[in-house]
Amino acid sequence: MDTNLELQLIKFLLDQKNFNYYTSFAQGKLERLSSSVRDVITGINDYVKDTNPEEINLNDFSVWYTTIAHPNISDSKAAEIDSICSKVEQLPLPDENIFKDLSIRHWAMSISDLAYEVTLGKKSMEDVEQAVQAYVKEVKHQGKQYSFIENDSLIFDQLEERKNADKYSWSIPELELMMGQICKGDFIIVGSRPDGGKTTFLSTQAVHFAKQLKEGESILWFNNEEAVSKVRSRQIQAALKWTTKEIEQDIEKSLQLFNSKLGDGVINIYDDNAMTIYDIQNIVEQTKPRIIIIDQLWKLGGMEKLQGIERFAKLSQFIRDLAKEHAPIIATTQLDGSADNVKYPSMGSLYNSKTSVQGEADCILTIGQQPEEDDIRYFRCPKNKLSYADPKFRSAGCSVKIDKEKAQLISLVGKQHHVR
């Protein structure tokens, strides 16, 4: 670490206002500083608590540190503390950018060390990528000014923006009643047991959303689950209402009809079993899709230093932030064994999840089924904070018919099975 920068940090903290406001932040970053500077900053904190001075004088502090606080200090250590205090006294008062400068130096060294370890085979580029993300997050928030809104103009602008944002309807009335139209900022997690109908659900909705897009707009589908050929096949089935056998009779014609119905490049698939949240972020920023689909959320890479529920929660938080910045996101995950043969599974059935994960989503849609009703699926939103959901139905459950042969969701409104 640059010694001059460290001395400037001490000088900055000598101002009583700066000391009161920034000392806790500085204490949290002490491990980045040289040992003697750490001792001085920690000592100043103790000195203020012990003597409650009107202003911090380094000569007085040095005497206090070497006699009262540390009466058995070695002569060499005392001389070092006194030398630091003398050098700091001669410096001009820096501004708060000192923290940003220190952070940049710290992360530059950390990233450099990690990169070197990659060349030795001890670390991976994933570790470097995570360090870069941590640097961006830390530096972005340093020096941030917090203020209360003094009038309603900002809130009004945000509400107007949401009101005028492009919104997208669901394919069947049951879903439209339960969740309403979706728009930028919405993050929806869809959970079901294996073979519960997630891909059919996503395909039918992607096809329906695609019909609502303007020319040049697109949907981005991230796939880390099934073979990409199966995913595209389900999308073709959903669009054309064809069986697999009908598609395979003339695959080229099927693809042509699919593209002519929806448009070339309207539903784009990124297929990578090892994709990370950073891959998703980079691709979204490059392609600017109007709707984002992720299948499956829990398999995404990233945040590997965390484990289990904590890691899944951080992944979900990251994806939620992408939804707020770019486009509505619908992401799937598995339900655990407690959802077997349950019509309306609870949020607690989300695989490897607790309330921290559930709290990140605006809506959680669960898909249940009964063994004796192979063609019926039960939908319910145990959590639903979507803005345009019908208040009467946002917490309701509904049953719909699923045609697995043609990848169709069929409304049962007005029939024996209905929204309730």
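Helices and strands are DSSP runs, of at least four residues (H or I) for a helix and at least two (E) for a strand, numbered from the N terminus. The exercises below concern a predicted model.

**Exercise 1. The central sheet**

Task: Determine the strand order of the open sheet and identify the strands that stand at its edges.

Solution:
- Step 1. The sheet is open and has nine strands, in the order 3-2-4-5-1-6-7-8-9, and its pairing is mixed.
- Step 2. Strand 3 (267–271) and strand 9 (408–410) each have a single partner strand, so each has one side without a neighbour in the sheet; these two stand at the edges.
- Step 3. With direction ignored, neighbouring strands of the sheet are turned against each other by 25 degrees on average.
- Step 4. Helix 11 (residues 228–240) packs on this sheet and touches strand 2 (219–223), strand 3 and strand 9. The direction of helix 11 makes about 160 degrees with that of strand 3.
- Step 5. Elsewhere in the sheet, strand 1 (residues 187–192) and strand 6 (residues 363–368) run parallel and are joined by five bridges. Residue C363 of strand 6 stands opposite I188.

**Exercise 2. Strand 4 and the loop that follows**

Task: Establish how strand 4 is paired and whether its faces are covered or open, then examine the backbone at D295 and M303.

Solution:
- Step 1. Strand 2 and strand 4 run parallel, joined by five bridges. The bridge partner of W221 in strand 4 is I293.
- Step 2. Strand 4 also pairs with strand 5 (residues 329–334), in the parallel sense, over three bridges. Here A331 of strand 5 stands opposite I294.
- Step 3. Of the five residues of strand 4 (residues 291–295), five are buried. One side carries I291, I293 and D295, the other I292 and I294; with these buried, both faces are covered.
- Step 4. Most peptide bonds are trans, and most residues other than glycine have a negative phi. The bond joining D295 and Q296 is cis, with omega about 15 degrees. Q296 lies in the loop between strand 4 and helix 15.
- Step 5. M303 is found in the loop between strand 4 and helix 15, and its phi is positive, near 60 degrees. M303 has a relative accessible area of 18% and is therefore buried, since the limit for that class is under 20%.

**Exercise 3. Helix 3 against helix 4**

Task: Classify the packing of helix 3 and helix 4 as parallel or perpendicular, and describe the residues in the contact.

Solution:
- Step 1. The axes of helix 3 (residues 35–51) and helix 4 (residues 58–69) are 10 Å apart, at an angle of about 90 degrees.
- Step 2. Helix 3 is therefore roughly perpendicular to helix 4.
- Step 3. Helix 3 contributes D39, V40, G43, I44, D46, Y47, D50 and T51 to the contact, and helix 4 contributes L58, D60, F61, W64 and Y65.
- Step 4. Sorted by class, this contact comprises seven nonpolar, two polar and four charged residues.
- Step 5. N52 is found in the loop between the two helices. Its phi is positive, near 50 degrees, although N52 is not glycine. With a relative accessible area of 63%, N52 is exposed.

**Exercise 4. Two buried residues around helix 3**

Task: Decide whether F19 and S36 are buried or exposed, and list their contacts beyond four places in sequence.

Solution:
- Step 1. F19 lies in helix 2 (residues 16–28), and at 5% relative accessibility it counts as buried.
- Step 2. Beyond four places in sequence, F19 touches L13, I44, N45, V48 and I56.
- Step 3. S36 is found in helix 3, and with a relative accessible area of 7% it is buried.
- Step 4. By the like exclusion of sequence neighbours, S36 is in contact with K77, E80, I81 and I84.

**Exercise 5. An aromatic pair**

Task: Classify the geometry of the ring pair formed by Y278 and F318, and locate its two residues.

Solution:
- Step 1. A ring pair is described by the distance of the centres and the angle of the planes.
- Step 2. For Y278 and F318 the centres are 5.7 Å apart and the planes stand at 85 degrees. Plane angles over 60 degrees count as edge-to-face, and the pair is classified accordingly.
- Step 3. Y278 is in helix 14 (residues 277–287) and F318 in helix 15 (residues 308–325), 40 residues apart, so that the pair links distant parts of the chain.
- Step 4. Y278 and F318 are both buried.
- Step 5. Ring pairs also link Y168, W170, F201, F209 and F379 into a cluster.

Methods: Residues are numbered from 1 along each chain as its sequence is written. This is a predicted model: local features need pLDDT of at least 70, side-chain atom pairs count only at pLDDT 80 or more; totals for chains, interfaces and linings use all residues. Side-chain values use heavy atoms; hydrogens and water are left out. Rings of Phe, Tyr and Trp (its six-membered ring) pair if their centres lie within 6.5 Å; planes under 30 degrees apart count as stacked, over 60 as edge-to-face and the rest as tilted. Buried means under 20% relative accessible area, exposed over 50%, partly exposed in between (1.4 Å probe, protein chains only). Axes are lines fitted to C-alpha atoms, for helices over the stretch in contact, and angles run from 0 to 180 degrees between N-to-C directions. Angles under 35 degrees count as roughly parallel, over 145 as roughly antiparallel, 65 to 115 as roughly perpendicular and the rest as oblique. Contact means heavy atoms within 4.5 Å. Ala, Val, Leu, Ile, Met, Phe, Trp, Tyr, Cys and Pro count as nonpolar, Asp, Glu, Lys and Arg as charged, and the others, Gly among them, as polar. Two strands pair if DSSP finds at least two bridges between them.
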